[in-house]
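Grab your viewer and work through these exercises with the model open. Try each one yourself before reading its solution.

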Amino acid sequence: MKSTTARDVRRWIRPLRGELRRLLQDLVKANSVAVLAGGNETPAQRVLQAFFREQGIRAELYSTDFIEDSGHPQLRRNKRYAGRKNLSVRLSGSGRGRSLLLNGHMDTVPPGNGGWSRSPWSGLSRQGCVHGLGSFDMKGGVVANAAVICALRREGVRLGGDLLFESVVDEEWGGGGGTIAARLRGDTADACVIPEGTQLEIYRATRGGFVVDLVIEAGDPAGYFSRAEVVSPALPMGRLLNWIDELVKERGTLPPKGAYLGFPDPAPVQVLAVEANRLDPTVPLSVPSRATVRVYLQFLPEENVDQVIAAVRKRLERFCASDPFFRKYPVQWKPLIGGPLYGHELPADHPWLECMQTSATSVLERPVVTTAAPYPCDAGLIHRDFGIPTLLFGPCGAGAHNPDEYVEFESVMETAEVLLSAALTWCSG
Ligand SMILES: [Zn+2]
């Protein structure tokens, strides 16, 4: 096909601006929260399907619950998939080019406990930003992907290779279920891009991740108001936090490598929550009988994640053995989402990365940073388990997994332009 300039790409995407912003607002308004074991993505997927229908594009909504019987090694046994549907669009190419997958997830995390200045589902558009839960993570990116499909269809452009769009369920909470369903039904491609929020930078790598609850159970609530004082896990929890602090420092000395060069703490350990009793007016003055620390470990792409986790667990056992309280009340190891997520890294000279760098630089008319994601996501699964070279490139915004999340709408449009340019180049080769 004839060469397409950054100007052409803009000319194809810009007329869709109003419709795309409305679509993003409608998607944010459609609650698609996922919790640990399930998710409510399908109403939002129907909003997206209706949008495609108005554009004259057939989008297939399909069930994902067949994966529960798949025996896939990365399947999360604690999750349920009944009623959770993926949405898929395929633009068939002429057969003389590489295929490309535009992947995104429709589920959001829950809104958390307060702190939002307006409804998490407001979808409000103000001063160039669209506000609400999932706007940045990652309904803005899903809209950018949809824009690529719409622009090609409107212009009547047929690519060489197939272009596949998918909006999947169950990415949050370590999910991966929607993506596994999409791969197991046979949707594959020669490369993949996920427009998670990247501030218009290219991420060629993602981290692995693992969340574990360290639980201490001590004391006998029936002993309250008796002569012998109730055993409390509250102060020992301080020693446990100290132990975690040592782990934080040790992991903090890992030398950054590859795409993570320049990261001050390339594989961080964070405490996500600390709980022992609640400062809640409905809770009487009482000694906690249970205390929990939720720890989030991240891993560099080349690390042996299972080995690191096993070593941390061993180290915790040694710590417990050295402390009289924990000898009696050992810390329980309770992984929150089951097994870990694994990271990935695309080589710096990979042709898909070069294609994306060229497209981004020419469309944005400035040098574009290539770096690595400060988080794990479905990319690791797509790249490692299904062999599809995967990059992240997405819009600017803030507040992912926190109150007052927003996405800058102009950057959603720019994401769409870059992705369209990359698709035109990649799929013609
Ligand atoms: Zn996300």
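**Exercise 1. Two helices in contact**

Which residues in H1 meet which residues in H11?

Solution. Keep in mind that you're looking at a predicted model.

- Step 1: find the two elements, with H1 covering residues 6–13 and H11 covering residues 409–426.
- Step 2: collect the contacts. From H1 come Val9, Arg10, Trp12 and Ile13, and they meet Met413, Ala416, Glu417, Leu420, Ser421 and Leu424 in H11.
- Step 3: get the geometry. Two packed helices are described by the angle between their axes and the distance between the axes. Here the angle is about 125° and the axes are 9 Å apart.
- Step 4: classify that angle, which makes H1 oblique to H11.
- Step 5: add the handedness: H1 passes H11 in a right-handed crossing.

**Exercise 2. The zinc ion**

Work out which protein atoms serve as donors of the zinc ion, and how they are arranged.

Solution.

- Step 1: list the donors. They are His105 (NE2), Asp137 (OD), Glu196 (OE) and Glu196 (OE), at 1.9 to 2.5 Å from the ion.
- Step 2: check the angles. A tetrahedral label would need all angles between 85 and 135 degrees. The four donor atoms subtend 55 to 148°, so the arrangement comes out irregular.
- Step 3: look along the chain, where the donors follow the spacing H-x31-D-x58-E.
- Step 4: place two of the donors. Asp137 sits in helix H4 (residues 135–155), while Glu196 is in the loop between strand E7 (192–194) and strand E8 (202–203), so this pair ties together parts 59 residues apart in sequence.
- Step 5: test for burial. Asp137 has 10% relative accessibility and counts as buried; Glu196, at 5%, counts as buried too.

**Exercise 3. Two loop residues**

Is Ser99 buried or exposed, and how about Thr108, buried or exposed?

Solution.

- Step 1: locate Ser99, in the loop between strand E2 (85–91) and strand E3 (100–105).
- Step 2: apply the cut-off. Buried means under 20% relative accessible area, so Ser99 at 14% counts as buried.
- Step 3: see what Ser99 touches beyond four places away in sequence: Gly161, Asp162, Thr188, Ala189, Asp190, Ala191, Trp426 and Cys427.
- Step 4: move to Thr108, found in the loop between E3 and strand E4 (125–126). With 1% relative accessibility, Thr108 counts as buried.
- Step 5: using that sequence filter again, Thr108 touches Ser32, Val33, Ala34, Leu133, Gly134, Lys139 and Glu172.

Note on methods:
Residues are numbered from 1 along each chain as its sequence is written. This is a predicted model: local features need pLDDT of at least 70, side-chain atom pairs count only at pLDDT 80 or more; totals for chains, interfaces and linings use all residues. Side-chain values use heavy atoms; hydrogens and water are left out. Helices (H or I, at least four residues) and strands (E, at least two) are DSSP runs, numbered from the N terminus. Buried means under 20% relative accessible area, exposed over 50%, partly exposed in between (1.4 Å probe, protein chains only). Contact means heavy atoms within 4.5 Å. Donors are N, O and S atoms within 2.8 Å of the metal (3.2 Å for Na, K and Ca); water is not among the atoms, so sites may look incomplete. Four donors count as tetrahedral if all angles lie between 85 and 135 degrees; four count as square planar and six as octahedral if opposite donors are over 155 degrees apart and all others between 65 and 115; anything else is irregular. Axes are lines fitted to C-alpha atoms, for helices over the stretch in contact, and angles run from 0 to 180 degrees between N-to-C directions. Angles under 35 degrees count as roughly parallel, over 145 as roughly antiparallel, 65 to 115 as roughly perpendicular and the rest as oblique. A crossing is left-handed if the near helix is turned anticlockwise from the far one by less than a right angle, and right-handed if clockwise.
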